[in-house]
Each structure stands twice: as C-alpha cells, then as structure tokens.
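I opened the notebook to look up two serines and one pocket, and I wanted to record what surrounds each of them.

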Amino acid sequence: MMRGLIIGAVLSGIFVIAAVLSFLWTPYDILTLDVGNKLKNPNAANWLGTDHFGRDILSMIMMGARTSIAVALVAVGIGMVLGVPLGLWAAARRGHFIDEFIMRGNDLIFAFPSLVIAILITAVFGASAVNAIIAIGIFNIPVFARLTRGGALSLWERDFILAARVSGKSAARISVEHILPNLANLLIVQGTIQFSLGILAEAALSYIGLGAQPPTASWGRMLADAQTLVSIAPHTALIPGGAIVLTVLGLNLMGDGLRDLLDPRIRVGRS
C-alpha cells in the first residue's frame, strides 16, 4: 500500500516540480527556433534532444507539464464545484423530482464522450486550452455528482444523521455539516483519479488539434508533431509519450494508495 503511494507521489511530484519550475526557468526558450540544430539525439547541451524545429525537448516537456496540469486541475475543480453540490442535493431529495432530474441530466452528459463534447464546443468557439478545460470539466460533473449521491445515500440512513434530523437541522445543513465531511476521503481519491484522466484527455484533445494551440507547449501536440518522425528520430515521440504514461501512472498509484490509506474498511480488513 505505502510503496505504491510513495512511488506515485514521487512520479507525480517530479512533473509538478517541473511545471512549477517552468514559470521561473527552462534550459531554453521554446519560442526560439534553431532549425540547424533539429532532431538532435540527447546530448550534453540538450539532455532530451531537440525536435523538428530545433527546440529543446526538455524545455518543451517542462512547459507541457504546466499546460497538462493546469487544464486537468481546473477541469477537476469544475467537476467538483458543480458535481458535488448536485450530488448532495439529489441525495437529500432522493425519490423526488429533483433527484430524478439531476440523475437523468447526468445520463445525458454521459451519453456524449468528452471528445464529442470538445468537438461541439470547438465548432462553436474554436480550438483552445480554455475550451478543452470546459469540455473535460463538463464530463467531470456527472462523475462527481454520481459518486457524491451514492456515498450520501448510505450516510442518510445512519443514526447520527437521524439524530441531526430530530434536532431540527435542515437537509441542506445536514448535507454540509455531516454528509460532506464524511465523503471527503472518497472525493479526494476520485479527484486524484479524475486528475490523471484529465491529463490523458488534454493530451488526446491536443493531439487532434482541439486543445492547446501553438506556441503553447502540450504533450499531445508534441506527439502529433512527432508521429511522422518516429523512424528517424524516435525520441521526439517516446519522450512526451513517456511523460504522459509516467504522470498518469503516478497519479493512479497515488490514488490507489490514498484509497487504501483513507478507507477505514480496508484498514480494518487488513488489521
């Protein structure tokens, strides 16, 4: 349990540090092109080599980490801020029209994958990182709404909730003061998992040209640019692809570790 959590935290921490560091320093300016130095293998001057424009890949990876983390973080935030209250509201009004309306709305969103939503948004507003955030965030809303509602429904049957109701507390107050704190661990774990999925979604949208636009660095855009260069410069595709894999792997390991650490049922079962 702890091994996976530690490995996941280390992998995730490396890319978070790279993203934060990119605000202050990168080995080279990614806006500066050096075509004469293009497609260089990793060397002392360029630790991870250069791309087809002669840009330093390490600098691109650092800037791409900033883009991926920012998009995924805001998208998950949108999902939590909107989805959690909807889930609490649906659970508090279980069996009523509000509950049915919220759940069928979630089903409607689930019927359209995030990529389809992104295409629809892009067709109206144009391709950009902001629109990618909106598309991924919209898809996260029903995820957190369903999770919150499912967890809250079991809590509403507990004795301490019955005591709060007998004392005269409203459903909204009970949801905020008693239900939500008991769901915090579940939401943290799910947030970590959705964060990793957000990074994957951002890379996928950028790969097909619907995410961050040049000159903004993006791991998905780096993969798209390198797809025709695999035979002559495989490092241009392997390095951003490896960054995506390691980041998602680290976040998933950390999510699993947090679940095992925070879930009292698992702790009791192992003890």
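**Two serines and a pocket**

I began with S59, which I found in helix α2, spanning residues 57-92, and I kept in mind that the model is predicted. I noted that S59 counts as buried because its relative accessibility is 0%, under the 20% cut-off. I then looked at its side chain and saw that one of its polar atoms lies 3.0 Å from the backbone nitrogen of Y28. Setting aside neighbours within four places in sequence, I listed T26, P27, Y28 and I30 as the residues in contact with S59.

I turned next to the second largest pocket, for which I noted a space of about 170 Å³. Its lining, as I wrote it down, consists of I14, F15, I17, A18, L21, L48, L58, I61, M62, I239 and A243. I found that α1 (2-22), α2 and α9 (235-262) are the elements that each give two or more residues to this lining, and that α1 gives the most, with five. When I sorted the lining residues by character, I obtained 11 nonpolar, no polar and no charged.

Last, I went to S218, which sits in the loop between α7 (171-207) and α8 (219-226). Is S218 buried or exposed? I entered S218 as buried, because its relative accessibility is 1%. I recorded a polar contact at 3.0 Å between the side chains of S218 and E202, and, leaving out neighbours within four places in sequence, I found S218 in contact with G64, E202, S206 and A212.

Definitions and conventions: Residues are numbered from 1 along each chain as its sequence is written. This is a predicted model: local features need pLDDT of at least 70, side-chain atom pairs count only at pLDDT 80 or more; totals for chains, interfaces and linings use all residues. Side-chain values use heavy atoms; hydrogens and water are left out. Helices (H or I, at least four residues) and strands (E, at least two) are DSSP runs, numbered from the N terminus. Buried means under 20% relative accessible area, exposed over 50%, partly exposed in between (1.4 Å probe, protein chains only). A polar contact is a pair of N or O atoms within 3.5 Å; within protein, one must be able to donate a hydrogen and the other to accept it, and residues adjacent in sequence count only if both atoms are side-chain atoms. Contact means heavy atoms within 4.5 Å. On a 1 Å grid over the protein atoms alone, a cavity is a set of points where a 1.4 Å probe fits but cannot get out, and a pocket is an open set with protein on both sides within 12 Å along at least five of seven lines; lining residues have an atom within 4 Å of a point. Grid points are joined across faces, edges and corners, and a volume is the space filled by probe spheres set on the points. Ala, Val, Leu, Ile, Met, Phe, Trp, Tyr, Cys and Pro count as nonpolar, Asp, Glu, Lys and Arg as charged, and the others, Gly among them, as polar.
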